[in-house]
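In this notebook I record what I looked up about the interfaces in one structure. Each entry begins with the item that I checked.

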Amino acid sequence: MSGYEALRSETALRNRSLHEKVVSLEAAAALINDGDHVAIGGCMMSRTPMALLWALVRAGRRDLTFSRSIVSSDGDIVVASGIAKKVITSWFSQGIVWGISRVMRHWVESGTAEFEEWSHLAMGLRYRAAAMGLPFLPIRSLMGSDVERRLSGETREMVCPFTGEKLVLVPALRPDVAIIHVQRCDPYGNAQIDGLQFMDIDLPMAAKRVIVTTERIISNNQIRRSPDRTKFPFFVVEAVAEVPYGSAPHECYGLYEPFFRHMDLFAKMTKEDPERGSRDYLQRFFYEPRSWNEVLQRIGMDDLLTAASGGRNVHDE
Amino acid sequence: MNEVGSATRSWTTSELLTIMASRALHDGQIVFAGVGVPLLAATLAQRLHAPGLTILFEGGVIGPFIVPGDLPPSTNEQRCTRRANMVCPITDVLMLLQRGFVDVGFLGGAEIDRYGNINTSFIGDPDHPKTRLPGSGGGNDIASLTHVIVAMKHEKRRFVERVQFVTSPGYLEGGASRHEAGLLAGGPEVIITDLAELGFDPVTKRMRIEALHPGVSVEDVEANTGFDLDLADPLRVTAPPTDRELEMLRELDPDRLYIA
């Protein structure tokens with residue numbers, strides 16, 4: 001059976017009916033298996049499904065491959081906690097204002113975790129190819145670079161049969177699971193995203209399974225009043241978990257900005273000794289808290305309110 | 001503080017770099033700006049001489065006006081979207097480069113070579129790197145698909161004969177090699193540093209000095225460059241930062257997030 005035939009039969013077996021699929025955060029994490037390729041929605045410090053990553057770290061998943069357009073401290077956390085063996089992305093560091101991530105450097109330079117680098121558009125077209133049910137898409141970047149050379153064998157060059165121009169073909173990237181955090185979703189999985197969409201329209205179409213975490217669960221009637229805001233359809237979604245501030249300390253557009261003071265704390269804790277620093281950080285904010293609310297309590301009300309105040313500014317003139 | 005060119009004014013290297021970079025952008029252009037100095041310089045240009053400059057950000061933003069003092073920490077947060085005309089998926093905003101709607105891409109870089117190739121991936125052997133850098137992001141796509149302005153500090157360790165890793169292609173091995181590799185459009189146009197403006201010979205594609213910043217000599221530039229530079233004829237001297245440029249820049253970045 002070809003890859004496409006397998007894709008069609010897997011998809012045909014999925015329960016695509018309009019049914020409720022609300023689960024707890026812990027139950028959502030339990031849907032992800034050791035060794036899975038997990039695509040993380042959002043980008044950089046935005047709409048990161050951080051609460052679900054928290055639950056995955058606590059559940060002690062192993063040998064996961066993560067992919068994302070760009071990773072920030074989420075990348076640091078999945079390598080430092082040992083749940084990831086590989087990260088496929090275009091850019092990996094907490095953020096330019098904090099310098100180059102010491103955690104990424106430590107784990108990648110020591111060979112403990114692999115950082116497979118693609119260009120940003122290549123990541124996008126790989127997800128899009130998978131979303132389109134195609135094995136690859138052509139791209140006009142990557143050529144002549146060491147980024148392409150280092151991916152030896154992963155890409156192909158071709159001469160266009162119509163124009164004779166040289167093109168690079170990037171292979172479809174089909175995650176086992178996509179995890180996406182959104183502002184609103186109904187119990188069936190109709191997900192609405194405000195503001196920046198990143199790759200979160202292609203991701204759920206590309207993945208074999210989709211888990212949504214949402215700031216709020218709203219009714220299906222509410223969805224039906226503004227269906228133009230629904231960014232991916234219910235039938236691609238397997239589970240929905242309601243997690244207010246589920247992207248903290250990253251941002252969720254229109255609701256809260258990155259928790260800058262907390263991001264400073266993470267950078268500071270991991271700067272001198274990334275191994276010990278991240279162990280201490282994970283202990284305090286991942287292993288000890290027994291619920292996501294307790295994580296938020298530990299991050300603190302001041303940071304949360306500052307982030308929320310900034311988040312709402314987006315609507316100012 | 002660097003006080004070249006003015007007895008009465010002083011500015012930091014980052015301020016000089018940002019101001020000089022902002023002058024390279026023109027009203028009516030569409031610029032794809034990376035985070036840091038590019039973002040700040042594009043915003044500065046918009047506030048001074050190029051109010052009709054359309055900025056694109058990688059996070060999927062078309063035509064924003066950044067709020068002074070509320071600079072985004074990357075090009076992927078809501079601060080990038082202030083007063084934007086449109087937000088769209090990342091893949092689609094990057095596709096505008098491939099489609100040819102973008103006049104100029106604006107990048108920073110860790111390391112650059114004589115043909116304008118940029119490395120933001122590895123220091124040392126990629127298999128056993130001394131330092132793993134954050135990587136391409138959209139840099140490879142921007143450099144592959146459009147004309148590029150690069151803003152970076154002028155240091156010998158950053159201006160090297162040959163980059164250790166081509167993350168974002170310039171003119172590759174010079175001459176027609178970029179075109180032959182399949183990159184049919186774009187290429188680096190100007191490299192702006194805290195010492196000079198550099199461009200490329202139209203035929204050989206070797207880097208050359210186009211203009212010196214006030215108070216800087218050719219020897220100063222050469223001493224901070226790891227390869228021989230050609231000289232444009234005539235060699236220009238840039239005008240020093242004006243009070244208006246400095247005031248506006250400091251208003252945009254009062255916390256000195258990018259102009260430290």
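**Entry 1. Polar contacts between the domains.** I looked for polar contacts across the interface of domain 1 of chain A and domain 2 of chain A, and the rule finds zero residue pairs, counting pairs with both residues at pLDDT 80 or more. A polar contact is a pair of N or O atoms within 3.5 Å; within protein, one must be able to donate a hydrogen and the other to accept it, and residues adjacent in sequence count only if both atoms are side-chain atoms. On the side of domain 1 of chain A that touches domain 2 of chain A, I noted one nonpolar, one polar and two charged residues. Here Ala, Val, Leu, Ile, Met, Phe, Trp, Tyr, Cys and Pro count as nonpolar, Asp, Glu, Lys and Arg as charged, and the others, Gly among them, as polar.

**Entry 2. Basis of the values.** I noted that this is a predicted model, in which local features need pLDDT of at least 70 and side-chain atom pairs count only at pLDDT 80 or more, while totals for chains, interfaces and linings use all residues. Residues are numbered from 1 along each chain as its sequence is written, chains are lettered from A and ligands numbered from 1 in the order in which they are written, and side-chain values use heavy atoms, with hydrogens and water left out.

**Entry 3. The domains of chain A.** The assignment, automatic or from a database, gives domain 1 (25-119 + 175-315) and domain 2 (136-171). I found their C-alpha centres 31 Å apart. Four residues from domain 1 of chain A and nine residues from domain 2 of chain A take part in the contact (heavy atoms within 4.5 Å).

**Entry 4. Chain B against chain A.** I found 54 residues of chain B in contact with 58 residues of chain A. The two chains bury about 4,400 Å² between them, 58% of it on carbon and sulfur atoms; buried area is the accessible area (1.4 Å probe) that two parts lose on being put together, summed over both. B:Gln78, B:Arg132 and B:Pro134 supply 18% of the area that chain B buries against chain A, more than any other three residues.

**Entry 5. Salt bridges between the chains.** How many salt bridges are there between chain B and chain A? I counted four, where a salt bridge is a side-chain nitrogen of Lys or Arg within 4 Å of a carboxyl oxygen of Asp or Glu. I also noted a salt bridge between the side chains of B:Arg132 and A:Glu117 (2.9 Å, N to O).
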